[in-house]
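Visitor: I have a model on screen and would like to learn to read it. Could we go feature by feature?

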Amino acid sequence: MRLTSRGSRPSCRVSPVQADSVDLVVRAARAVIGGQEVAASISVRDGRIVAIDSLDAPVSAAVVVELSPDEVLLPGLVDTHVHVNEPGRTEWEGFASATRAAAAGGIATIVDMPLNSIPPTVDVAALEIKRRVAADQSVVNVGFWGGAVPGNVDQLRPLHDAGVFGFKCFLLASGVDEFPPLTPAELEKALIEIASFDGLMIVHAENAEVIADAPPATGREYSGFLESRPRAAENRAIEQVIELSRRTGCRVHILHLSSADALPMIAAAKRDGVRVTVETCPHYLCFDAEAVPAGATQFKCCPPIREAGNRELLWQGLSDGTIDTIVTDHSPCTPDLKRFDTGDFGDAWGGIASLQVSLAAVWTEARARGFALTDIVRWMATNTADQVQMTDRGRIDIGCAADLVAFAPDENFTVDVDQLYHRNPVTAYDRLGLSGVVRRSWIAGSEASTGQLLSRQR
């Protein structure tokens, strides 16, 4: 299909099926396809896209949907950094509430982190527990990360063979005792093992020694918390991960980048052929340290939200391709753990809940900086899918899963935490005015579908 500029019609592209045998046709005057915005009709059969035609192509189906002129058809987003916490800490979040929030926010696929649940996903038995719990509750697609912790190197290949999308590790205390960090020697050993089967290690990159030397986090002032997690902690850890990746050949991914100081070394590593990718998160792109009120522990996360100038450099890193993806790092908890009674940043749990609002939050800030919906799709759908080798998701193309979103980019709303589907009414985005509303979404071509449990493609 030859794609041209916004509003033009793609030449007809039809897979070898009868036009009248499709289940669904979605007609959109604006659809993000192949990195461009075009007019198109999307035909779906058995949950897959089987044809992409011109907007007015005479295609019939059991269901025909015509999007409104103010709506844009997007592929369902793929969020590869979500803490669902079930089982074990289901009062923080669970698969039913998390996936419902994801669907409402235009996210069709999540990949669940291996910690905060009990047991953590550090062996195949724990993975099977996760799958059983998620199976009958999830309304979007769900995949799973495994965990790399001290003493489980022999579990990494079995987890890989069982279908996890890669392995997460910490280089400092994770915040939960059942998921301890790796020492540098343990990290290298794990990377050597993971490289042997071309797996992926994703790293919470903060250096424990730097943080130990920093002032402790205490009190209601955000500036004190920021000083306790300096940029140097991220920078040193990222440098270490890059060098170990260079040495072992293992694919690595830097989680939730907040320090823009690390961008030059990451860019240089990529130019050198080091197999490193990088994500950042909506909260680092939307908020700045200078504006966090005293005692507002809903803004606490690790690594922390940094200064406004740092935020703009992260946007530059997205623009030039140094940063590959935007994911939520949805890390909710119960309200009491945020210590709103004292507002003490040292005592509060660190994590920001954002599944349902991430698309609108990123779009609001991106549009103000001159970016387009094609950029949003690249950062939050296509690149995230590619990171975990889900080549049939995060894009609108023939043969891909028919995970689709009708998005109204110009519709404004104010976030009301009590109206979100997250299990607990705590988010840094409460009362924030945003642009962009998800009006309809389809998972595998259905608006009333149960999501699939996904495994790494072999």
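Visitor: Where is Ser 174 found?

Guide: Keep in mind that this model is predicted. Ser 174 is found in the loop between β11 and α4 (184–196).

Visitor: Is Ser 174 buried or exposed?

Guide: Compare the relative accessible area with the cut-off: under 20% means buried. Ser 174 has 14%, so this serine counts as buried.

Visitor: Which residues is Ser 174 in contact with, leaving aside neighbours within four places in sequence?

Guide: Leu 115 and Phe 179. Look also at Cys 302. Its C-alpha is 9.7 Å from that of Ser 174, while 128 residues separate the two in sequence.

Visitor: Cys 302 again, then. Which peptide bond there is cis?

Guide: Read omega. The bond from Cys 302 to Pro 303 is cis, with omega near -5°. Pro 303 sits in the loop between α9 and α10. Another cis bond joins Glu 86 and Pro 87, with omega about 0°. Pro 87 belongs to the loop between β7 and α1.

Visitor: What about phi? Which value does Asp 198 have?

Guide: Near 55°, a positive value in a residue other than glycine. Asp 198 is in the loop between α4 and β12 (200–204). Its relative accessibility is 37%, so Asp 198 counts as partly exposed. Gln 389 also has a positive phi, about 60°, and is not a glycine. Gln 389 lies in the loop between α12 (373–387) and β16 (404–414). With 35% relative accessibility, Gln 389 counts as partly exposed.

Visitor: On to the cores. How many residues does the largest nonpolar core have?

Guide: The general idea comes before the case. In soluble globular proteins, nonpolar side chains tend to be buried together. Here the largest nonpolar core has 100 residues. Those with the most contacts inside this core are Ile 110, Phe 167, Met 201, Leu 257, Ile 376 and Trp 379.

Visitor: What does Met 201 touch, not counting residues up to four places away in sequence?

Guide: Its partners include Ala 148, Phe 167, Leu 182, Leu 187 and Ile 194. Polar or charged residues are listed too, among them Lys 168, Arg 251 and His 253. A second, separate core has 25 residues, including Val 176, Ala 233, Ala 385 and Leu 454.

Visitor: How many aromatic pairs does the structure hold?

Guide: There are 12. For each pair, read the distance between centres and the angle between planes. Tyr 222 and Phe 345 are edge-to-face, at 5.4 Å centre to centre and 75° between the planes.

Visitor: Why does that pair tie together separate parts?

Guide: Tyr 222 lies in helix α6 (residues 222–228), and Phe 345 in the loop between β15 (325–326) and α11 (358–368), so the pair links parts that are 123 residues apart in sequence. Tyr 222 counts as buried at 3% relative accessibility. Phe 345 is buried at 0%. Phe 287 and Phe 299 are another edge-to-face pair: 5.1 Å centre to centre, 85° between the planes. Both sit in the loop between α9 (282–286) and α10 (308–319), so this pair ties together parts 12 residues apart in sequence. Phe 287 and Phe 299 are buried.

Visitor: Which residues form one aromatic cluster?

Guide: Tyr 222, Phe 225 and Phe 345. Rings can also meet a charge. The charged end of Arg 89 sits over the ring of Trp 92, 5.3 Å from its centre.

Visitor: Now the sheets. In what order do the 6 strands of the open sheet come?

Guide: Follow the pairing from strand to strand. The order is β10-β11-β12-β13-β14-β15, and the pairing is parallel. β10 (146–147) and β15 are the edge strands, each pairing on one side only. Between β10 and β11 (residues 167–170) there are 2 bridges. One residue to check is Gly 147, whose bridge partner in β11 is Lys 168.

Visitor: How many residues of β7 are buried?

Guide: In strand β7 (residues 77–82), 6 of its 6 residues are buried. β7 runs parallel to β8 (residues 107–112), joined by 4 bridges. Val 78 stands opposite Thr 109 in β8. From β7 the chain crosses through helix α1 (residues 95–104) to β8, and this β-α-β crossover is right-handed.

Terms used: Residues are numbered from 1 along each chain as its sequence is written. This is a predicted model: local features need pLDDT of at least 70, side-chain atom pairs count only at pLDDT 80 or more; totals for chains, interfaces and linings use all residues. Side-chain values use heavy atoms; hydrogens and water are left out. A nonpolar core is a set of buried Ala, Val, Leu, Ile, Met, Phe, Trp, Tyr and Cys residues joined through side-chain atoms within 4.5 Å. Buried means under 20% relative accessible area, exposed over 50%, partly exposed in between (1.4 Å probe, protein chains only). Contact means heavy atoms within 4.5 Å. Rings of Phe, Tyr and Trp (its six-membered ring) pair if their centres lie within 6.5 Å; planes under 30 degrees apart count as stacked, over 60 as edge-to-face and the rest as tilted. A charge sits over a ring if NZ of Lys or CZ of Arg is within 6 Å of the ring centre and within 35 degrees of the ring normal. Two strands pair if DSSP finds at least two bridges between them. A crossover is right-handed if, with the strands pointing away from the viewer, the path from the first strand over the helix to the second runs clockwise.
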